[in-house]
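Colleague: I am new to this structure and would like to understand what the words used for it rest on. Could you take me through them with the model in view?

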Protein chains: 2
Amino acid sequence: MTGSEPGVIVAVDVGGTGFAGGLVDPSGGIVSSRTVAAHRFGRGAGILKNLLELVAGLEDEAQRADLPVRGIGVGVPGAVEETTGRIGPDIQNLPELGNIPLRSVLQERTGLRVAVDNDVNALALAEWTFGQATGLRNVAMVAVGTGVGGGLILNGALVRGAGGYAGEVGHIPVELDGRRCFCGSRGCVKAYASGPDIVAQVRDLLADQPSAVFDSLTGGDQSRIDPPLVFRAADRGDPVAEAVVAKAAQALGAGVAALVNLCNPEMIILGGGVMEAGEILVEPVRRWARFYAFERAVAKTRIVRSGLSKASGVLGAAALFLYEARRRGEVCS
Amino acid sequence: MTGSEPGVIVAVDVGGTGFAGGLVDPSGGIVSSRTVAAHRFGRGAGILKNLLELVAGLEDEAQRADLPVRGIGVGVPGAVEETTGRIGPDIQNLPELGNIPLRSVLQERTGLRVAVDNDVNALALAEWTFGQATGLRNVAMVAVGTGVGGGLILNGALVRGAGGYAGEVGHIPVELDGRRCFCGSRGCVKAYASGPDIVAQVRDLLADQPSAVFDSLTGGDQSRIDPPLVFRAADRGDPVAEAVVAKAAQALGAGVAALVNLCNPEMIILGGGVMEAGEILVEPVRRWARFYAFERAVAKTRIVRSGLSKASGVLGAAALFLYEARRRGEVCS
């Protein structure tokens with residue numbers, strides 16, 4: 001239905017390291033894309049100005065290509081109030097965007113329909129609209145990167161919750177007296193499994209337990225430790241890297257099991273930069289998920305890696321717009 | 001709408017200790033009720049026979065009172081397949097009902113519309129239809145008794161998941177290498193907080209740590225330890241009881257926080273026999289929930305005790321029927 005209408009969506013993925021934008025057709029084809037690196041933003045009001053310029057540039061491009069623009073979708077790294085489209089106060093790495101009513105700002109500026117939501121909600125919708133989860137009724141996305149985010153589609157509808165905070169898989173507590181998390185709590189999945197937490201745990205252990213493998217991989221410069229390097233060290237059998245990866249997988253597996261036991265989706269999709277490590281992480285996550293979850297519930301849940309490209313953020317923003325357009329069309333009269 | 005139609009619902013709550021049945025009017029008034037104690041069932045096919053007799057008896061009663069019967073709602077202590085109405089293989093304490101397609105059995109026997117679902121899903125619907133959660137969009141029920149069950153209503157719809165296993169709050173893992181749970185996993189909320197697990201933990205501790213308080217409360221007979229007795233001992237300052245209650249509250253609080261961070265409902269309702277302990281348990285559960293949950297998310301979630309009567313199971317079965325009736329009426333044409 002909406003998918004067959006002509007025209008493109010102006011889709012923008014707002015991230016801490018920059019903006020990615022694109023013109024996306026309703027079947028998920030990326031007609032054009034561009035990025036703006038964060039270091040070019042300046043700070044303060046410059047960030048919103050850059051975002052508006054990116055949108056205007058994509059609109060111009062569509063016009064030159066004679067493609068009607070159906071609307072705008074934007075994913076942001078934080079909670080968004082569903083009713084107002086206002087970004088929450090705690091947007092990651094981009095505090096300047098906090099509390100901005102981005103939906104109405106963009107609507108007034110462009111006269112177009114606009115959908116704004118959390119970026120991992122958008123990723124879940126990308127998988128559901130263009131990816132492996134097409135046609136399913138209950139789907140969860142877990143994105144492991146700088147944070148551990150989640151997006152939930154249940155009964156065919158995105159779950160936003162009372163304040164737009166739903167889907168925070170990364171802050172499920174899996175260890176009652178566990179590792180401190182930046183959120184103020186303890187034992188969150190994120191505190192073991194996010195990229196920065198993996199690196200921090202490795203550094204803590206290396207302080208007491210020198211490692212020839214890490215010395216060789218870093219050339220003695222511990223500031224060069226990043227998640228891919230930790231996975232390389234684990235692959236070479238380094239005990240520090242192995243222990244940290246094992247704990248990250250156990251915590252992620254427990255978080256995935258919580259999703260299975262609480263929501264029992266048909267599919268859980270693992271994505272994000274840290275998951276690019278591949279089977280060295282995915283295999284134990286699956287194993288722990290099966291250990292912690294109800295056998296009969298997890299038997300109904302496929303746990304897969306995202307198959308979408310690096311452009312999944314832009315596809316998510318487009319999927320978000322299509323989702324909202326479809327919901328408007330589906331209201332019972 | 002459906003609530004204003006005349007007639008009553010034959011509502012049955014199937015439990016391990018017996019069946020409770022009632023005639024319920026659409027506003028939640030219990031016109032009549034009766035129970036069958038489990039020890040009268042016999043085993044095997046006798047259980048289903050007793051259930052059918054209870055339903056037939058309630059139908060007769062409605063006829064004598066000249067009340068049209070709109071349909072039947074049944075809550076059962078296990079998962080139910082949404083599409084078929086078949087009880088799952090793992091029904092608690094009543095294995096004889098496992099795999100029985102109860103919905104079609106009752107439909108064929110009575111010619112009435114029948115709704116069958118998990119009993120804690122039914123409790124969530126009772127709170128949403130007749131209780132404190134009326135009119136909310138996102139609601140979670142946590143019932144702490146022999147097990148720790150859950151029911152989720154998100155975006156105004158009951159969440160059943162792929163196999164009817166959604167809502168298993170009791171099997172969220174909150175301690176990675178924690179206490180063994182009967183489900184085969186470790187560190188489940190249930191393993192710390194269910195009635196039998198509270199008692200088992202107390203007995204384990206008493207083996208090494210004699211307690212004058214327990215000796216006095218039990219008259220030296222440890223088989224008399226039950227959850228209310230443990231809460232009385234905690235109230236008297238017994239360190240064993242205090243430690244077990246504290247851990248149960250911490251685990252429940254972490255489970256509630258997982259619900260808040262994953263689903264961010266407007267209300268979480270705590271019910272079930274163990275919760276009748278009152279503030280000695282509810283207060284620390286709330287405190288831990290606030291500790292483990294996102295501050296902004298939990299600020300949107302009211303955590304309350306169930307205000308429904310002992311008849312909540314019967315009300316839940318009726319609410320289940322009304323929910324299904326309303327859903328049939330709400331399908332978009």
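Modeller: Chain A has an average pLDDT of 92 (the predictor's confidence in each residue, from 0 to 100), and 96% of its residues score at least 70. This is a predicted model, in which local features need pLDDT of at least 70 and side-chain atom pairs count only at pLDDT 80 or more, while totals for chains, interfaces and linings use all residues. Residues are numbered from 1 along each chain as its sequence is written, and chains are lettered from A and ligands numbered from 1 in the order in which they are written.

Colleague: What makes strand 1 and strand 4 of chain B a pair?

Modeller: Strands are DSSP runs of E, at least two residues long, numbered from the N terminus, and two of them pair if DSSP finds at least two bridges between them. Six bridges join strand 1 (residues 8-15) to strand 4 (residues 69-76) of chain B, so the two count as paired, and they run parallel. B:Val10, for instance, has B:Ile72 in strand 4 as its bridge partner.

Colleague: Why are strand 3 and strand 5 of chain B called edge strands?

Modeller: The open sheet of five strands in chain B has the order 3-2-1-4-5, with mixed pairing; strand 3 (30-37) and strand 5 (114-118) each pair on one side only.

Colleague: How do you know which residues make the contact between chain A and chain B?

Modeller: Two residues are in contact if their C-beta atoms, placed from the backbone, lie within 7 Å, and the contact takes 45 residues from chain B and 44 residues from chain A. Helix 8 of chain B gives the largest share of chain B's side, eight residues.

Conventions. Helix = DSSP H or I, 4+ residues; strand = E, 2+ residues; numbered from the N terminus.
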